[in-house]
Amino acid sequence: MSGRTVEQQAMLPPLTIETLVNGGAGLARHQGRVVFIPHTAVGDRVRARLLRQKKNYLEAELVEVLAAGEQRCAPLCPVAGECGGCQWQHLSYSAQLAWKEKLFHDTLIHQCGATADVLAPIIPSPRQWHYRSRVQVKCYNSAAGFIVGFYRPRSRYVVAIHHCPIMDPALNELLVLLQRGIAGTEHAGFIPQLDLAVDDRGKTSVVVHYIGESPTTLVALLHSLELNGDILVQYRTKKNLALLQGDGIMQIHVDDPRISLEYATGSFAQINLAQNRSLVDRVLNMVPWQRTDRVLELYCGMGNFSLPIARRVAHLVGVEESQTAIAMAQRNAAHNRCHNTEFYPLSAEAALQRNDLQRCYDTLVVDPPRTGAYAVIKELADRGIRNLVYISCDAQTLARDLKPLRQYGYRIVKSQPLDMFPQTYHCESITFLQRHTSCGV
């Protein structure tokens with residue numbers, strides 16, 4: 001059947017889910033091969049449709065739950081399982097935490113040789129619902145009206161939503177106003193995306209992506225909606241970003257005494273603000289910072305970890321490819337009187353080649369994107385920096401990057417998973433490693 005259209009329509013016989021795997025799917029077995037079926041729970045007896053056949057496994061989609069496992073619960077959202085935003089709403093929150101912890105621990109034990117004593121229990125999110133402070137909403141104009149929502153998994157089909165239970169209430173309210181205001185206008189077919197955010201002060205912002213001929217009349221429309229907060233229009237490319245209303249500055253709070261960090265509207269900040277504070281606190285408490293320490297931080301952003309760490313050490317050098325983020329990090333350092341910092345708008349690779357950054361550091365902090373930091377791992381290891389803190393949002397890329405570090409003499413001292421993303425399979429983590437040799441640079 002390989003390569004034929006009918007393969008995608010083949011119904012499998014009833015299957016029982018045995019376990020969950022990295023990526024969030026349930027695992028069943030059929031004719032000697034494993035079958036991965038998303039949106040299932042352990043113990044579920046299901047009917048599934050075959051989508052793809054690989055050499056050693058099958059991929060299928062859930063059609064019907066014939067008998068529910070003990071961990072299954074009713075999703076709060078009516079489009080859970082269809083929308084690509086949440087994968088685990090059908091699991092109780094206690095089950096989500098247990099599986100995230102197990103999958104994270106198993107990954108580091110099996111792939112990195114970690115021992116159970118260095119793996120900490122997962123830290124739950126303070127909020128299971130309405131925690132998301134940043135979101136990209138997809139849009140589509142059709143005969144049915146101006147649709148807002150999220151892509152169906154592995155497609156560009158927009159699943160319509162009326163209320164998202166993981167979005168902050170202020171963003172749900174903002175989305176309603178935008179949808180009503182745009183629907184039926186000449187601009188509805190030229191807005192593919194809305195970027196919404198809310199900060200620690202409750203201030204909201206929206207970046208309207210526009211691909212029409214001219215945004216002039218769109219600007220008038222957006223002003224007429226009388227929205228609070230920042231309004232920006234991104235006209236065709238990221239370089240054409242115009243601020244229509246507000247100051248273009250969002251703010252989050254970390255550490256104690258409190259540090260206020262500003263970032264440009266539309267730029268990166270963690271999506272779970274309360275759990276971000278827990279994340280920063282754990283980084284501060286996990287590492288034995290010394291007042292004489294020199295710290296190098298790669299992928300530093302606008303200073304989320306940089307400034308709290310700088311309070312506790314002699315000097316910190318932060319590196320980030322985004323010039324906008326670096327400008328905000330410098331501004332945040334000045335506002336919070338962290339004068340023992342330097343920030344450079346460079347990629348991690350470029351920073352490691354700079355002669356003026358070839359210094360001896362006591363601690364290295366990396367917080368890379370989901371793709372990880374594999375491209376610079378060998379160079380980092382060659383530096384001989386004793387302490388390394390790796391903040392990760394993907395256990396698989398984390399494990400991939402830790403493997404060569406072990407070969408260079410690093411050992412895991414502690415690894416802490418945190419639930420930054422309730423109702424999904426994603427897991428944030430902090431891993432603290434130490435090297436037996438001292439810096440030789």
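This report looks at one helix, one sheet and several salt bridges in a predicted model.

## Helix α6: length and ends

Helix α6 covers residues 323–335. At 1.5 Å a residue, its 13 residues should span 18 Å. The C-alpha atoms at its ends are 18 Å apart, so the expected span and the model agree.

The N-terminal end of α6 has a cap, Ser322. A side-chain oxygen of Ser322 lies 3.4 Å from the backbone nitrogen of Thr324. After the helix comes Arg337. The phi of Arg337 is positive, near 55°.

## Helix α6: two faces

Which residues of α6 are buried? They are Ala325, Ile326, Met328, Ala329, Asn332 and Ala333. Seen down the axis of α6, these buried residues fall within an arc of 160°, so they line one face of the helix. A general rule of helices fits here. An α-helix has 3.6 residues a turn, so residues three or four places apart point the same way.

Gln323 and His335 are exposed, and they sit on the face of α6 turned away from its buried side. What covers the buried residues of α6? The cover includes four strands and a helix: β14 (249–254), β15 (259–264), β17 (315–320), β18 (341–345) and α5 (306–310).

## An open sheet of six strands

Now to a sheet. Six strands make up this open sheet, in the order β1-β5-β6-β4-β3-β2. Its pairing is mixed. The edges are held by β1 (15–16) and β2 (19–20). Each has a single partner strand, so one side of each is left without a neighbour in the sheet.

Strands of a sheet pair through backbone hydrogen bonds, either parallel or antiparallel. In this sheet, β3 (residues 26–30) and β4 (residues 33–37) run antiparallel. Five bridges join them. One bridge partner can be named: Arg29 is matched with Val34 in β4.

## A salt bridge between distant parts of the chain

The structure holds 19 salt bridges. One of them joins Arg154 and Glu59. Their closest N and O atoms are 3.0 Å apart. The pair links distant parts of the chain, with the two positions 95 residues apart. Arg154 is in the loop between β8 (145–151) and β9 (158–160). Glu59 belongs to strand β6 (residues 57–67), one of the strands of the open sheet.

Are the two partners buried or exposed? Arg154 has 66% relative accessibility, so Arg154 counts as exposed. Glu59 has a relative accessible area of 15%, so Glu59 is buried. The cut-off for buried is under 20%. The pair also belongs to a network of salt bridges that links Arg52, Glu59 and Arg154.

## Two more salt bridges

Lys102 forms a salt bridge with Asp106. The closest N and O atoms of this pair are 2.9 Å apart. Both residues are in helix α1 (residues 93–112). Lys102 and Asp106 are four residues apart, so about one helical turn separates them. Lys102 counts as partly exposed because its relative accessibility is 39%. Asp106 is partly exposed too, with a relative accessible area of 24%.

Arg400 forms a salt bridge with Asp401. Here the closest N and O atoms are 2.9 Å apart. Arg400 counts as partly exposed, at 30% relative accessibility. Asp401 is buried, with a relative accessible area of 0%.

How values were computed:
Residues numbered from 1 in each chain as written. Predicted model: local features only at pLDDT ≥ 70, side-chain atom pairs only at ≥ 80, totals over all residues. Heavy atoms only, no water. Expected span 1.5 Å × (residues − 1). Buried < 20%, exposed > 50% of the residue type's maximum accessible area, 1.4 Å probe, protein only. Arc of directions from axis to C-beta. Contact = heavy atoms within 4.5 Å. Polar contact = N/O pair within 3.5 Å; in protein donor to acceptor, adjacent residues only side chain to side chain. Pairing = 2+ DSSP bridges. Salt bridge = Lys/Arg side-chain N within 4 Å of Asp/Glu carboxyl O.
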